[in-house]
Amino acid sequence: MKKLSKLSILGYGAGDAANNLAFTTATMFLLVYYTDVAGISAAAAGTLLLVVRIFDAFADVFAGRLVDRTYSKRFGKFRPFIMFGSIPLLLLSVATFSVPQLGETGTLLYAYVTYAALGLAYSLVNIPYGSLAGAMTQDPGDRAKLGSARMVGALLVGSALGIFVAPLIKPGADLQGTFTTITLIFVVIGAALYFFTFATAKERVHRSVPKVSFKQSMDTLKTNRPLLMLCLSSFLFLTGYMALSSVQLYYLRDVLGRLDLYAVMSIVQLVMTFVLAAFMPKLVHRFGKKTVYVAAGALSAVGGAMIFFTPAALTWIGFSGLLVSMLGVMAVSIVVWALEADTVEYGEWKTGVRTEGITYALFSFTRKTGQAVGGALAAYALAMGGYKSGATQSPEALQGIQFAAGALPAIMVILAIAVMAKYKLTDAMHAQIVNEIKARRAVQEGRRPQEGGAEEAHDDGGPVHGRGADEALGGVEAPAPESVHASRGKGSLSQGSR
(Lines give C-alpha, C1' and ligand atoms only; values in the text may rest on other atoms or scores of the structure.)
Protein backbone atom coordinates (compact mmCIF):
# COMPACT_ATOMS: atom_id res chain seq x y z
CA MET A 1 0.00 0.00 0.00
CA LYS A 2 1.34 3.41 -0.97
CA LYS A 3 2.11 6.00 1.66
CA LEU A 4 -0.64 8.47 2.43
CA SER A 5 -0.42 11.78 0.60
CA LYS A 6 0.06 14.99 2.55
CA LEU A 7 -3.36 16.15 1.35
CA SER A 8 -5.04 13.05 2.82
CA ILE A 9 -3.27 13.55 6.14
CA LEU A 10 -4.20 17.24 6.17
CA GLY A 11 -7.79 16.41 5.28
CA TYR A 12 -8.03 13.90 8.11
CA GLY A 13 -6.70 16.47 10.58
CA ALA A 14 -9.31 18.98 9.36
CA GLY A 15 -12.02 16.56 10.46
CA ASP A 16 -10.94 16.68 14.10
CA ALA A 17 -10.68 20.45 13.94
CA ALA A 18 -14.34 20.43 12.92
CA ASN A 19 -15.23 17.91 15.63
CA ASN A 20 -13.67 20.08 18.28
CA LEU A 21 -15.58 23.18 17.27
CA ALA A 22 -18.41 21.40 19.08
CA PHE A 23 -16.55 19.08 21.48
CA THR A 24 -13.78 21.31 22.84
CA THR A 25 -16.10 24.29 23.12
CA ALA A 26 -18.30 22.12 25.35
CA THR A 27 -15.49 20.64 27.44
CA MET A 28 -13.79 23.99 28.00
CA PHE A 29 -16.78 26.23 28.60
CA LEU A 30 -19.99 24.29 29.21
CA LEU A 31 -19.52 23.95 32.97
CA VAL A 32 -18.74 27.67 33.22
CA TYR A 33 -21.70 28.45 30.96
CA TYR A 34 -24.08 26.39 33.07
CA THR A 35 -22.93 27.86 36.40
CA ASP A 36 -22.25 31.47 35.41
CA VAL A 37 -24.72 32.12 32.56
CA ALA A 38 -27.61 29.65 32.75
CA GLY A 39 -27.70 29.88 36.55
CA ILE A 40 -27.50 26.14 37.20
CA SER A 41 -25.84 25.19 40.49
CA ALA A 42 -22.43 23.48 40.42
CA ALA A 43 -23.85 20.28 41.95
CA ALA A 44 -26.75 20.12 39.46
CA ALA A 45 -24.36 20.86 36.59
CA GLY A 46 -22.03 18.08 37.75
CA THR A 47 -24.89 15.58 37.81
CA LEU A 48 -26.02 16.76 34.38
CA LEU A 49 -22.55 16.27 32.91
CA LEU A 50 -22.26 12.82 34.47
CA VAL A 51 -25.66 11.58 33.27
CA VAL A 52 -25.46 12.99 29.74
CA ARG A 53 -21.88 11.87 29.14
CA ILE A 54 -22.76 8.34 30.20
CA PHE A 55 -25.65 8.54 27.73
CA ASP A 56 -23.09 9.71 25.16
CA ALA A 57 -21.01 6.63 25.83
CA PHE A 58 -23.94 4.34 25.00
CA ALA A 59 -24.66 6.50 21.97
CA ASP A 60 -21.15 5.61 20.78
CA VAL A 61 -21.99 1.89 20.87
CA PHE A 62 -25.19 2.55 18.92
CA ALA A 63 -23.21 4.57 16.38
CA GLY A 64 -20.57 1.84 16.12
CA ARG A 65 -23.12 -0.84 15.29
CA LEU A 66 -24.80 1.48 12.80
CA VAL A 67 -21.45 2.08 11.09
CA ASP A 68 -20.63 -1.63 10.92
CA ARG A 69 -24.02 -2.38 9.35
CA THR A 70 -23.75 0.41 6.75
CA TYR A 71 -21.85 0.46 3.48
CA SER A 72 -22.09 2.69 0.41
CA LYS A 73 -20.44 1.50 -2.81
CA ARG A 74 -19.99 5.10 -3.88
CA PHE A 75 -18.73 6.73 -0.68
CA GLY A 76 -17.55 3.81 1.48
CA LYS A 77 -18.43 2.97 5.06
CA PHE A 78 -17.47 6.07 7.06
CA ARG A 79 -17.52 9.23 4.94
CA PRO A 80 -21.32 9.43 4.44
CA PHE A 81 -21.79 9.88 8.20
CA ILE A 82 -19.26 12.71 8.21
CA MET A 83 -20.92 14.44 5.28
CA PHE A 84 -24.56 14.20 6.34
CA GLY A 85 -24.20 14.33 10.12
CA SER A 86 -22.01 17.42 10.35
CA ILE A 87 -24.61 20.20 9.98
CA PRO A 88 -27.02 18.80 12.63
CA LEU A 89 -24.06 18.44 15.00
CA LEU A 90 -22.95 22.04 14.56
CA LEU A 91 -26.48 23.42 14.90
CA LEU A 92 -27.03 21.47 18.12
CA SER A 93 -23.89 23.11 19.52
CA VAL A 94 -25.64 26.45 19.03
CA ALA A 95 -28.74 25.16 20.84
CA THR A 96 -26.69 23.79 23.75
CA PHE A 97 -25.18 27.22 24.42
CA SER A 98 -28.57 28.96 24.14
CA VAL A 99 -30.31 27.94 27.38
CA PRO A 100 -33.45 30.05 27.95
CA GLN A 101 -34.65 31.10 31.39
CA LEU A 102 -37.59 28.74 31.95
CA GLY A 103 -37.47 28.47 35.69
CA GLU A 104 -35.20 26.12 37.61
CA THR A 105 -36.83 22.91 36.35
CA GLY A 106 -37.44 24.07 32.79
CA THR A 107 -33.92 25.43 32.38
CA LEU A 108 -32.39 22.21 33.67
CA LEU A 109 -34.61 20.08 31.43
CA TYR A 110 -33.65 22.13 28.36
CA ALA A 111 -29.97 21.72 29.25
CA TYR A 112 -30.36 17.93 29.57
CA VAL A 113 -32.21 17.55 26.25
CA THR A 114 -29.94 19.76 24.16
CA TYR A 115 -26.69 18.39 25.57
CA ALA A 116 -27.89 14.79 25.12
CA ALA A 117 -28.90 15.54 21.51
CA LEU A 118 -25.49 17.13 20.92
CA GLY A 119 -23.81 14.01 22.29
CA LEU A 120 -25.80 11.68 20.02
CA ALA A 121 -25.05 13.81 16.96
CA TYR A 122 -21.37 13.89 17.91
CA SER A 123 -21.27 10.09 18.20
CA LEU A 124 -22.81 9.67 14.74
CA VAL A 125 -20.01 11.80 13.27
CA ASN A 126 -17.04 11.06 15.52
CA ILE A 127 -17.28 7.25 15.56
CA PRO A 128 -17.08 7.04 11.73
CA TYR A 129 -14.37 9.71 11.74
CA GLY A 130 -12.23 7.88 14.27
CA SER A 131 -12.79 4.53 12.53
CA LEU A 132 -11.71 6.03 9.22
CA ALA A 133 -8.03 6.15 10.25
CA GLY A 134 -7.76 2.37 10.43
CA ALA A 135 -9.30 2.09 6.96
CA MET A 136 -6.96 4.64 5.39
CA THR A 137 -3.69 2.76 6.10
CA GLN A 138 -2.11 -0.10 8.04
CA ASP A 139 1.35 1.47 8.09
CA PRO A 140 2.47 2.39 11.67
CA GLY A 141 4.27 5.52 10.50
CA ASP A 142 1.27 6.76 8.53
CA ARG A 143 -1.02 6.01 11.46
CA ALA A 144 1.24 8.07 13.70
CA LYS A 145 1.01 10.90 11.15
CA LEU A 146 -2.79 10.66 11.18
CA GLY A 147 -2.73 10.81 14.98
CA SER A 148 -0.48 13.86 14.82
CA ALA A 149 -2.72 15.54 12.23
CA ARG A 150 -5.72 14.82 14.39
CA MET A 151 -4.06 16.36 17.43
CA VAL A 152 -2.93 19.43 15.46
CA GLY A 153 -6.48 19.96 14.20
CA ALA A 154 -7.94 19.65 17.69
CA LEU A 155 -5.31 21.88 19.32
CA LEU A 156 -5.66 24.57 16.68
CA VAL A 157 -9.29 24.87 17.71
CA GLY A 158 -8.49 24.58 21.42
CA SER A 159 -5.79 27.23 21.15
CA ALA A 160 -8.09 29.60 19.26
CA LEU A 161 -10.70 29.17 21.99
CA GLY A 162 -8.11 29.81 24.68
CA ILE A 163 -6.61 32.86 22.96
CA PHE A 164 -9.77 34.59 21.78
CA VAL A 165 -12.67 33.27 23.88
CA ALA A 166 -11.37 32.44 27.37
CA PRO A 167 -10.29 36.05 28.13
CA LEU A 168 -13.91 37.10 27.55
CA ILE A 169 -15.19 34.88 30.39
CA LYS A 170 -15.14 37.51 33.11
CA PRO A 171 -17.76 38.99 35.46
CA GLY A 172 -20.06 41.56 33.90
CA ALA A 173 -19.54 40.47 30.29
CA ASP A 174 -22.41 39.53 27.94
CA LEU A 175 -21.49 35.87 27.93
CA GLN A 176 -24.73 34.68 26.33
CA GLY A 177 -24.20 36.96 23.33
CA THR A 178 -20.59 35.83 23.10
CA PHE A 179 -21.41 32.12 23.00
CA THR A 180 -24.28 32.58 20.56
CA THR A 181 -22.07 34.48 18.10
CA ILE A 182 -19.19 32.02 18.40
CA THR A 183 -21.27 28.88 17.89
CA LEU A 184 -23.01 30.37 14.84
CA ILE A 185 -19.65 31.20 13.26
CA PHE A 186 -18.53 27.64 13.98
CA VAL A 187 -21.42 26.26 11.92
CA VAL A 188 -19.94 27.85 8.78
CA ILE A 189 -16.30 26.99 9.53
CA GLY A 190 -17.11 23.45 10.66
CA ALA A 191 -19.16 22.65 7.56
CA ALA A 192 -16.24 23.68 5.31
CA LEU A 193 -13.77 21.57 7.32
CA TYR A 194 -16.00 18.48 7.28
CA PHE A 195 -16.45 18.76 3.50
CA PHE A 196 -12.66 18.96 3.09
CA THR A 197 -12.27 15.75 5.12
CA PHE A 198 -14.98 14.03 3.08
CA ALA A 199 -13.25 14.98 -0.17
CA THR A 200 -9.67 14.01 0.74
CA ALA A 201 -9.62 11.24 3.40
CA LYS A 202 -10.42 8.06 1.44
CA GLU A 203 -10.71 4.45 2.58
CA ARG A 204 -7.96 2.25 1.15
CA VAL A 205 -7.99 -0.91 3.31
CA HIS A 206 -10.44 -3.20 1.54
CA ARG A 207 -12.93 -5.53 3.21
CA SER A 208 -14.70 -8.67 1.99
CA VAL A 209 -17.41 -8.28 4.67
CA PRO A 210 -18.80 -4.78 4.10
CA LYS A 211 -21.75 -5.24 6.49
CA VAL A 212 -20.90 -6.81 9.85
CA SER A 213 -23.47 -8.78 11.82
CA PHE A 214 -24.13 -8.27 15.53
CA LYS A 215 -22.59 -11.66 16.34
CA GLN A 216 -19.42 -10.80 14.40
CA SER A 217 -19.16 -7.51 16.28
CA MET A 218 -19.53 -9.24 19.65
CA ASP A 219 -17.03 -11.96 18.68
CA THR A 220 -14.49 -9.23 17.96
CA LEU A 221 -14.99 -7.55 21.32
CA LYS A 222 -14.95 -10.78 23.33
CA THR A 223 -11.61 -11.94 21.92
CA ASN A 224 -9.79 -8.60 21.70
CA ARG A 225 -7.85 -8.43 24.98
CA PRO A 226 -5.50 -5.61 23.85
CA LEU A 227 -8.54 -3.46 23.03
CA LEU A 228 -10.06 -4.09 26.46
CA MET A 229 -6.83 -3.13 28.23
CA LEU A 230 -6.44 -0.01 26.11
CA CYS A 231 -10.03 0.92 26.90
CA LEU A 232 -9.49 0.55 30.65
CA SER A 233 -6.31 2.61 30.56
CA SER A 234 -8.00 5.31 28.47
CA PHE A 235 -10.95 5.42 30.88
CA LEU A 236 -8.62 6.17 33.77
CA PHE A 237 -6.55 8.65 31.78
CA LEU A 238 -9.59 10.53 30.45
CA THR A 239 -11.12 10.72 33.92
CA GLY A 240 -8.10 12.70 35.06
CA TYR A 241 -7.75 14.75 31.90
CA MET A 242 -11.40 15.79 31.85
CA ALA A 243 -11.20 16.92 35.47
CA LEU A 244 -8.27 19.17 34.54
CA SER A 245 -9.91 20.41 31.34
CA SER A 246 -13.12 21.27 33.18
CA VAL A 247 -11.45 23.43 35.84
CA GLN A 248 -8.33 24.86 34.20
CA LEU A 249 -10.15 28.15 33.60
CA TYR A 250 -11.16 28.23 37.29
CA TYR A 251 -7.55 27.43 38.25
CA LEU A 252 -6.09 30.29 36.25
CA ARG A 253 -8.81 32.79 37.13
CA ASP A 254 -9.51 32.01 40.80
CA VAL A 255 -6.40 30.25 42.17
CA LEU A 256 -3.59 32.01 40.31
CA GLY A 257 -5.58 35.17 39.65
CA ARG A 258 -4.22 35.33 36.10
CA LEU A 259 -6.97 34.67 33.58
CA ASP A 260 -4.76 36.39 31.00
CA LEU A 261 -2.45 33.37 31.17
CA TYR A 262 -5.13 31.28 29.45
CA ALA A 263 -4.18 32.86 26.13
CA VAL A 264 -0.47 32.31 26.87
CA MET A 265 -1.14 28.67 27.72
CA SER A 266 -3.06 28.21 24.46
CA ILE A 267 -0.20 29.66 22.41
CA VAL A 268 2.36 27.46 24.16
CA GLN A 269 0.15 24.42 23.66
CA LEU A 270 -0.10 25.20 19.97
CA VAL A 271 3.70 25.39 19.63
CA MET A 272 4.12 22.15 21.60
CA THR A 273 1.56 20.45 19.36
CA PHE A 274 3.46 21.26 16.17
CA VAL A 275 6.72 20.11 17.75
CA LEU A 276 5.15 16.85 18.92
CA ALA A 277 3.48 16.30 15.54
CA ALA A 278 6.87 16.59 13.85
CA PHE A 279 8.71 14.27 16.24
CA MET A 280 6.03 11.74 17.20
CA PRO A 281 6.49 9.42 14.16
CA LYS A 282 10.22 9.29 14.94
CA LEU A 283 9.58 8.63 18.64
CA VAL A 284 7.13 5.86 17.76
CA HIS A 285 9.60 4.32 15.32
CA ARG A 286 12.41 4.34 17.89
CA PHE A 287 10.62 3.48 21.14
CA GLY A 288 7.23 2.09 20.14
CA LYS A 289 3.76 3.43 20.84
CA LYS A 290 3.37 1.75 24.23
CA THR A 291 6.60 3.24 25.61
CA VAL A 292 5.67 6.71 24.39
CA TYR A 293 2.23 6.37 26.03
CA VAL A 294 3.69 5.37 29.41
CA ALA A 295 6.43 8.04 29.40
CA ALA A 296 4.02 10.80 28.40
CA GLY A 297 1.56 9.71 31.07
CA ALA A 298 4.27 9.89 33.72
CA LEU A 299 5.10 13.43 32.58
CA SER A 300 1.45 14.40 32.93
CA ALA A 301 1.36 13.02 36.48
CA VAL A 302 4.39 15.13 37.42
CA GLY A 303 2.59 18.23 36.15
CA GLY A 304 -0.49 17.36 38.18
CA ALA A 305 1.57 17.07 41.34
CA MET A 306 3.09 20.50 40.67
CA ILE A 307 -0.38 22.03 40.32
CA PHE A 308 -1.69 20.51 43.53
CA PHE A 309 1.27 21.21 45.82
CA THR A 310 2.22 24.68 44.56
CA PRO A 311 0.87 27.58 46.69
CA ALA A 312 -1.28 30.09 44.82
CA ALA A 313 1.33 32.83 45.38
CA LEU A 314 3.89 30.93 43.26
CA THR A 315 2.09 31.71 40.03
CA TRP A 316 4.73 30.67 37.54
CA ILE A 317 5.47 27.31 39.18
CA GLY A 318 1.76 26.46 39.16
CA PHE A 319 1.47 27.62 35.57
CA SER A 320 4.51 25.55 34.60
CA GLY A 321 2.89 22.50 36.18
CA LEU A 322 -0.16 23.10 34.02
CA LEU A 323 2.00 23.21 30.88
CA VAL A 324 3.94 20.07 31.86
CA SER A 325 0.69 18.22 32.48
CA MET A 326 -0.74 19.33 29.14
CA LEU A 327 2.44 18.28 27.28
CA GLY A 328 2.02 14.74 28.58
CA VAL A 329 -1.68 14.76 27.74
CA MET A 330 -1.02 15.87 24.16
CA ALA A 331 1.60 13.17 23.58
CA VAL A 332 -0.74 10.46 24.87
CA SER A 333 -3.59 11.87 22.79
CA ILE A 334 -1.51 11.58 19.62
CA VAL A 335 -0.32 8.02 20.09
CA VAL A 336 -3.53 6.53 21.53
CA TRP A 337 -5.39 6.70 18.20
CA ALA A 338 -2.67 4.66 16.50
CA LEU A 339 -2.87 2.12 19.34
CA GLU A 340 -6.63 1.82 18.83
CA ALA A 341 -6.19 1.28 15.08
CA ASP A 342 -3.75 -1.57 15.81
CA THR A 343 -6.43 -3.39 17.79
CA VAL A 344 -8.59 -3.50 14.65
CA GLU A 345 -6.03 -5.77 12.99
CA TYR A 346 -5.84 -7.88 16.14
CA GLY A 347 -9.60 -8.38 16.00
CA GLU A 348 -9.41 -9.27 12.31
CA TRP A 349 -6.59 -11.70 13.03
CA LYS A 350 -8.73 -13.41 15.66
CA THR A 351 -12.08 -13.50 13.85
CA GLY A 352 -11.48 -12.84 10.15
CA VAL A 353 -13.72 -9.75 10.06
CA ARG A 354 -12.69 -6.08 10.16
CA THR A 355 -14.95 -4.27 12.62
CA GLU A 356 -13.60 -0.73 12.81
CA GLY A 357 -16.98 0.65 13.87
CA ILE A 358 -17.66 -1.40 16.99
CA THR A 359 -13.96 -1.46 17.93
CA TYR A 360 -13.72 2.31 17.87
CA ALA A 361 -17.15 2.56 19.51
CA LEU A 362 -16.08 0.50 22.53
CA PHE A 363 -12.90 2.54 22.79
CA SER A 364 -14.88 5.77 22.58
CA PHE A 365 -17.47 4.39 25.04
CA THR A 366 -14.85 3.98 27.74
CA ARG A 367 -13.31 7.36 26.93
CA LYS A 368 -16.71 9.06 27.12
CA THR A 369 -17.40 7.30 30.42
CA GLY A 370 -14.07 8.55 31.73
CA GLN A 371 -14.93 12.05 30.55
CA ALA A 372 -18.29 11.81 32.30
CA VAL A 373 -16.76 10.71 35.58
CA GLY A 374 -13.91 13.25 35.35
CA GLY A 375 -16.19 16.18 34.54
CA ALA A 376 -18.60 15.23 37.30
CA LEU A 377 -15.81 14.81 39.86
CA ALA A 378 -14.47 18.23 38.93
CA ALA A 379 -17.90 19.81 39.43
CA TYR A 380 -18.37 17.98 42.73
CA ALA A 381 -14.97 19.20 43.90
CA LEU A 382 -16.13 22.75 43.22
CA ALA A 383 -19.39 22.16 45.09
CA MET A 384 -17.69 20.53 48.10
CA GLY A 385 -15.26 23.42 48.31
CA GLY A 386 -18.16 25.88 48.34
CA TYR A 387 -17.54 27.54 44.97
CA LYS A 388 -19.80 30.59 44.43
CA SER A 389 -20.25 32.13 40.99
CA GLY A 390 -19.05 35.74 40.71
CA ALA A 391 -17.73 35.87 44.29
CA THR A 392 -14.30 35.89 45.91
CA GLN A 393 -13.59 32.24 46.57
CA SER A 394 -12.85 30.83 50.04
CA PRO A 395 -9.62 28.90 50.79
CA GLU A 396 -11.68 25.69 50.77
CA ALA A 397 -13.04 26.49 47.30
CA LEU A 398 -9.53 27.19 46.01
CA GLN A 399 -8.32 23.89 47.47
CA GLY A 400 -11.16 22.08 45.70
CA ILE A 401 -10.13 23.64 42.39
CA GLN A 402 -6.49 22.63 42.91
CA PHE A 403 -7.50 19.08 43.79
CA ALA A 404 -9.57 18.76 40.60
CA ALA A 405 -6.83 20.33 38.45
CA GLY A 406 -3.81 18.58 39.97
CA ALA A 407 -4.20 15.70 42.41
CA LEU A 408 -7.10 13.95 40.71
CA PRO A 409 -5.49 13.90 37.23
CA ALA A 410 -2.16 12.70 38.68
CA ILE A 411 -3.78 9.81 40.56
CA MET A 412 -5.83 8.66 37.57
CA VAL A 413 -2.88 8.86 35.17
CA ILE A 414 -0.74 6.72 37.48
CA LEU A 415 -3.49 4.07 37.47
CA ALA A 416 -3.71 4.31 33.67
CA ILE A 417 0.03 3.70 33.37
CA ALA A 418 -0.22 0.66 35.66
CA VAL A 419 -2.78 -0.89 33.30
CA MET A 420 -0.81 0.02 30.18
CA ALA A 421 2.30 -1.66 31.60
CA LYS A 422 0.56 -5.01 30.97
CA TYR A 423 -0.41 -4.18 27.38
CA LYS A 424 1.06 -6.86 25.07
CA LEU A 425 0.30 -5.69 21.53
CA THR A 426 3.66 -4.10 20.71
CA ASP A 427 4.50 -2.65 17.31
CA ALA A 428 6.53 -5.74 16.38
CA MET A 429 3.66 -8.07 17.26
CA HIS A 430 1.24 -5.92 15.29
CA ALA A 431 3.52 -6.15 12.24
CA GLN A 432 3.58 -9.94 12.54
CA ILE A 433 -0.20 -10.10 12.86
CA VAL A 434 -0.65 -8.01 9.71
CA ASN A 435 1.72 -10.33 7.85
CA GLU A 436 -0.14 -13.42 9.07
CA ILE A 437 -3.42 -11.94 7.83
CA LYS A 438 -1.83 -11.36 4.42
CA ALA A 439 -0.44 -14.91 4.33
CA ARG A 440 -3.81 -16.45 5.17
CA ARG A 441 -5.50 -14.33 2.53
CA ALA A 442 -2.95 -15.57 0.02
CA VAL A 443 -3.78 -19.18 0.94
CA GLN A 444 -7.48 -18.42 0.61
CA GLU A 445 -6.99 -16.91 -2.84
CA GLY A 446 -4.77 -19.76 -3.99
CA ARG A 447 -1.59 -17.69 -4.05
CA ARG A 448 1.76 -18.48 -2.47
CA PRO A 449 2.47 -16.26 0.57
CA GLN A 450 5.44 -13.95 0.24
CA GLU A 451 8.56 -15.45 1.74
CA GLY A 452 9.19 -14.27 5.25
CA GLY A 453 5.87 -12.42 5.27
CA ALA A 454 4.60 -14.00 8.47
CA GLU A 455 7.64 -15.82 9.71
CA GLU A 456 9.35 -13.48 12.09
CA ALA A 457 8.92 -10.31 14.11
CA HIS A 458 10.97 -8.80 16.88
CA ASP A 459 9.91 -7.48 20.25
CA ASP A 460 12.51 -5.60 22.28
CA GLY A 461 15.28 -7.17 20.24
CA GLY A 462 14.13 -10.79 20.53
CA PRO A 463 12.73 -12.87 17.65
CA VAL A 464 9.16 -14.15 17.64
CA HIS A 465 8.91 -17.14 15.32
CA GLY A 466 5.97 -18.95 13.78
CA ARG A 467 3.03 -18.81 16.18
CA GLY A 468 4.97 -16.47 18.47
CA ALA A 469 2.33 -13.75 18.36
CA ASP A 470 -0.18 -16.17 19.86
CA GLU A 471 2.11 -17.00 22.76
CA ALA A 472 3.22 -13.43 23.38
CA LEU A 473 -0.38 -12.22 23.48
CA GLY A 474 -1.42 -14.58 26.21
CA GLY A 475 -1.67 -17.97 24.54
CA VAL A 476 -4.82 -17.22 22.51
CA GLU A 477 -4.78 -18.81 19.11
CA ALA A 478 -6.09 -17.45 15.82
CA PRO A 479 -7.32 -19.72 13.01
CA ALA A 480 -4.49 -21.47 11.18
CA PRO A 481 -3.95 -20.67 7.47
CA GLU A 482 -4.84 -24.17 6.36
CA SER A 483 -8.27 -23.94 8.01
CA VAL A 484 -9.57 -20.91 6.19
CA HIS A 485 -11.46 -22.78 3.45
CA ALA A 486 -13.09 -25.22 5.86
CA SER A 487 -14.33 -22.42 8.09
CA ARG A 488 -15.70 -20.08 5.41
CA GLY A 489 -18.73 -18.14 6.63
CA LYS A 490 -18.14 -18.83 10.35
CA GLY A 491 -16.15 -15.79 11.34
CA SER A 492 -12.89 -17.26 10.05
CA LEU A 493 -10.06 -15.42 8.35
CA SER A 494 -11.54 -16.41 5.00
CA GLN A 495 -13.72 -13.32 5.56
CA GLY A 496 -10.83 -10.98 6.23
CA SER A 497 -10.27 -7.73 4.39
CA ARG A 498 -8.09 -7.43 1.36
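**Group meeting talk: helix packing in a predicted model**

Okay, let's start with two helices in contact: Phe-23, Thr-27, Phe-29, Leu-31, Val-32, Thr-35 and Asp-36 in H1 meet Met-242, Ser-245, Ser-246, Leu-249, Tyr-250 and Arg-253 in H8. Contact here means heavy atoms within 4.5 Å. Helices (H or I, at least four residues) and strands (E, at least two) are DSSP runs, numbered from the N terminus.

A quick word on what we're looking at. This is a predicted model, where local features need pLDDT of at least 70 and side-chain atom pairs count only at pLDDT 80 or more, while totals for chains, interfaces and linings use all residues. Residues are numbered from 1 along each chain as its sequence is written, and side-chain values use heavy atoms, with hydrogens and water left out.

So how do H1 and H8 cross? Their axes come within 10 Å, at roughly 55°. Those axes are lines fitted to C-alpha atoms, for helices over the stretch in contact, with angles from 0 to 180 degrees between N-to-C directions. H1 and H8 are therefore oblique to each other. For the classes: under 35 degrees is roughly parallel, over 145 roughly antiparallel, 65 to 115 roughly perpendicular, and the rest oblique. The H1 and H8 crossing is right-handed, meaning the near helix is turned clockwise from the far one by less than a right angle; anticlockwise would be left-handed.

Stepping back, the protein has 15 helices and two strands. Buried residues make up 59% of its 498 residues, where buried is under 20% relative accessible area, exposed is over 50%, and partly exposed is in between (1.4 Å probe, protein chains only). Among contacts between residues at least 6 apart in sequence, 84% join residues at least 24 apart.

Now the core. The largest nonpolar core has 133 residues, and those with the most contacts inside it are Phe-29, Tyr-34, Tyr-251 and Leu-252. By nonpolar core I mean a set of buried Ala, Val, Leu, Ile, Met, Phe, Trp, Tyr and Cys residues joined through side-chain atoms within 4.5 Å. Phe-29, which we just met in the H1 and H8 interface, also touches Phe-97, Leu-161, Val-165, Ala-166, Ile-169 and Phe-179, among others, leaving out residues up to four places away in sequence.

Over on the other side of that interface, Arg-253 sits in helix H8, residues 225–255. Is Arg-253 buried or exposed? Arg-253 counts as buried because its relative accessible area is 18%. Its side chain makes a polar contact of 2.9 Å with that of Tyr-387. A polar contact is a pair of N or O atoms within 3.5 Å; within protein, one must be able to donate a hydrogen and the other to accept it, and residues adjacent in sequence count only if both atoms are side-chain atoms. Beyond four places in sequence, Arg-253 also touches Asp-36, Ile-169, Arg-258 and Leu-259.

Back to H1, residues 6–36, which holds Asp-16. Asp-16 is buried too, at 7% relative accessible area. A polar contact of 3.3 Å links its side chain with that of Arg-150, and its contacts past four places in sequence also include Tyr-129, Gly-153 and Ala-154. Ala-14 lies in H1 as well, and at 9% relative accessibility it counts as buried. Ala-14 touches Leu-193, Phe-196 and Thr-197, again not counting residues up to four places away.

Next, H5 and H9. Helix H5 (residues 140–165) and helix H9 (residues 261–287) have axes that come within 8 Å and cross at roughly 175°, so H5 and H9 are roughly antiparallel. Residues meeting there include Met-151, Leu-155 and Gly-158 from H5, and Leu-270, Phe-274 and Ala-277 from H9. Phe-279 is in H9 too, and is partly exposed at 46% relative accessible area. Its C-alpha is 9.3 Å from that of Ser-148, 131 residues away along the chain.

Last pair: helix H2 (residues 42–69) and helix H4 (residues 103–136) have axes that come within 8 Å and cross at roughly 30°, which makes H2 roughly parallel to H4. That crossing is right-handed.

And one loop residue to finish. Ala-38, in the loop between H1 and H2, is buried at 4% relative accessible area. Leaving aside neighbours within four places, Ala-38 is in contact with Tyr-33, Val-99, Gln-101 and Thr-107.
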